[in-house]
Amino acid sequence: MPNPESVVPGDIIGILGSGQLGRMLSLAAARLGIRTHIFCPDSGPAFDVSARHTRAAYDNDDALAEFAASVKLVTYEFENVPAHTAEFLAARLPVRPDPRALATSQDRLVEKTFLNGLGIETAPFRAVDDAGALAAALLDLGCPAILKTRRFGYDGKGQAMIRPGDDPVASFSATGGAPSILEGLVPFVREVSVVAARGADGDIAAFDVNENIHANHILSLTTAPARISPATAREAMEITAAVLRALDYVGVIAVEMFVVGEGTGERLVVNEIAPRVHNSGHWTIDGAATSQFEQHVRAICGWPLGSTRRHGRIEMRNLIGAQALAWRDLLREPGACLHLYGKHEARAGRKMGHVTRILPE
Ligand code: AMP
């Protein structure tokens, strides 16, 4: 088994997934003299900026073995890495973060049970495997409530809000009838996230708490720092550190949270964990001393973590679909830091790029 701590500039690291997160990881790695090899069944924005890429299925063991032999360690840019792929690679070389983080975050029931086990509050939930269990869960949690598939949900996919008078059988079929959880509705004031890293030596460094606004279930705007009390910000950091330590995690993680109540009554309810770099941390490329992407590379290579110091008040807007067509205007705007992911078709709902503005504090 190669020692990840022996990675030096000039080496190649592997990334599973070819999306914009893999692209920005590759760019950050390149700045530190590290080359990347992307493995993905589909070509994507990361292919354009990596030294090597392999286009093969995640269950193609020959391709995976060749990939494993060509890199010092493997990381991933998305949490739905199939268990077989993660296990196959982990038997041959270091996979960071540890695949345990994937198993925990891929299944909402496992994830929420894990969080509650650490004493971290989540939305109240019940496991729902059939329409009967859903009816019972609705009696327990009340209505409205949200039905979410346990696996493969993102950007609001695999979710259905159940309101008084709705037919639970119809709602269960609408999400595909897959094993699910029913969640009680959290009356949140705002949504926040913490993007943080844990190094191979256990050192933890977090960026300031982000405040996130979604439109149509997709992140639209991140501002930092979040409008929360210093005590709540400290609690957000403590929650994140507890998750990182419990998973013996190495790399960047994002923890999404709801803020409930205001003033002295403010408290945090964790929504979910993303075991990877995160959209709400994109501002760190332009707005922090070290970007989340560089931080991830530093962590997985066993290098020292960088400073998370923020350069100003941050506003990061995603460019979704046709919004990216305004790129010329954004280029004209002094101080607007434009990032385009090189996707050819500006389909509705597709993340095409983002723009970060760094404002006076
Ligand atoms: P998720 O896919 O779990 O990240 O949910 C997507 C979005 O739906 C969240 O960012 C919230 O805006 C909203 N949401 C999800 N779960 C709940 C909940 N239990 N209560 C209130 N809003 C929720």
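Select Gly184 and the ligand in this predicted model. A backbone N or O atom of Gly184 lies 3.0 Å from a nitrogen atom of the ligand. Next, add the side chain of Gln159, where an N or O atom is 2.6 Å from an oxygen atom of the ligand. Then add Asn271, which places a polar side-chain atom 3.1 Å from an oxygen atom of the ligand. With these contacts on screen, turn to the surface of the ligand: on its own it has 470 Å² of accessible area, and the protein covers 90% of this.

**The shell around the ligand**

Expand the selection to the residues that surround the ligand, 17 in number. The closest are Lys148, Gln159, Glu183, Val186 and Glu191. Coloured by residue class, the shell divides into six nonpolar, five polar and six charged residues.

Which elements give two or more residues to this shell? They are strand E6 (145-149), strand E8 (180-184), strand E9 (188-198), strand E13 (251-260) and strand E14. Strand E14 spans residues 267-274.

**The domains**

Now colour the chain by its domain assignment: domain 1 (4-95), domain 2 (124-184) and domain 3 (190-359). Where does the ligand lie with respect to domain 2 and domain 3? Both of these domains give residues to the shell, so the ligand lies between them. For the relation of domain 1 to domain 2, place a marker at each C-alpha centre; the two centres lie 35 Å apart.

**Salt bridges**

Show the charged side chains next. Side chains of opposite charge can pair when their charged atoms come close. The count for this model comes to 21 salt bridges.

Begin with Arg276 and Glu79, which form a salt bridge whose closest N and O atoms are 2.6 Å apart. Arg276 is in the loop between strand E14 (267-274) and helix H9 (284-287), while Glu79 is in the loop between strand E4 (74-76) and helix H3 (83-90), so the pair ties together parts that are 197 residues apart in sequence. Are the two partners buried or exposed? Arg276 has a relative accessibility of 15% and counts as buried. Glu79, at 17%, also counts as buried.

Move to Glu361 and Arg310, a salt bridge in which the closest N and O atoms are 2.7 Å apart. Glu361 belongs to the segment after strand E17 (351-359), and Arg310 to the loop between helix H10 (292-300) and strand E15 (313-320), so this pair ties together parts that are 51 residues apart in sequence. The two partners differ in accessibility: Glu361 is exposed, with a relative accessible area of 66%, whereas Arg310 is buried, with a relative accessible area of 17%.

Select Arg347 and Glu345 for another pair; their side chains meet in a salt bridge at 3.4 Å, N to O. Arg347 is partly exposed, with a relative accessible area of 44%, and Glu345 is partly exposed at 46%. From there, select Glu315, Arg317, Glu333 and Arg357, which are joined into one network by salt bridges that share partners.

**Backbone details**

Hide the side chains and follow the backbone to Cys143. The peptide bond from Cys143 to Pro144 is cis, with omega near 0°. Pro144 is located in the loop between helix H6 (131-141) and strand E6, and strand E6 is one of the elements that give two or more residues to the shell around the ligand.

A cis peptide bond also joins Ala224 and Pro225, with omega about 5°. Pro225 is in the loop between strand E12 (218-224) and helix H8 (230-246).

Step back along the chain to His217, in the loop between strand E11 (210-215) and strand E12. His217 is not a glycine, yet it has a positive phi of about 70°.

The last stop is Asp248, in the loop between helix H8 and strand E13. Asp248 likewise is not a glycine and has a positive phi, here about 45°. Its relative accessibility is 48%, and Asp248 therefore counts as partly exposed. To return to the starting point, continue from this loop into strand E13, which is among the elements that contribute two or more residues to the shell around the ligand.

Note on methods
Residues numbered from 1 in each chain as written. Predicted model: local features only at pLDDT ≥ 70, side-chain atom pairs only at ≥ 80, totals over all residues. Heavy atoms only, no water. Salt bridge = Lys/Arg side-chain N within 4 Å of Asp/Glu carboxyl O. Helix = DSSP H or I, 4+ residues; strand = E, 2+ residues; numbered from the N terminus. Buried < 20%, exposed > 50% of the residue type's maximum accessible area, 1.4 Å probe, protein only. Near = heavy atom within 4 Å. Polar contact = N/O pair within 3.5 Å; in protein donor to acceptor, adjacent residues only side chain to side chain. Areas by Shrake-Rupley, 256 points an atom, 1.4 Å probe, with all protein chains shown as cover. Nonpolar A, V, L, I, M, F, W, Y, C, P; charged D, E, K, R; others polar. Domains from an automatic or database assignment.
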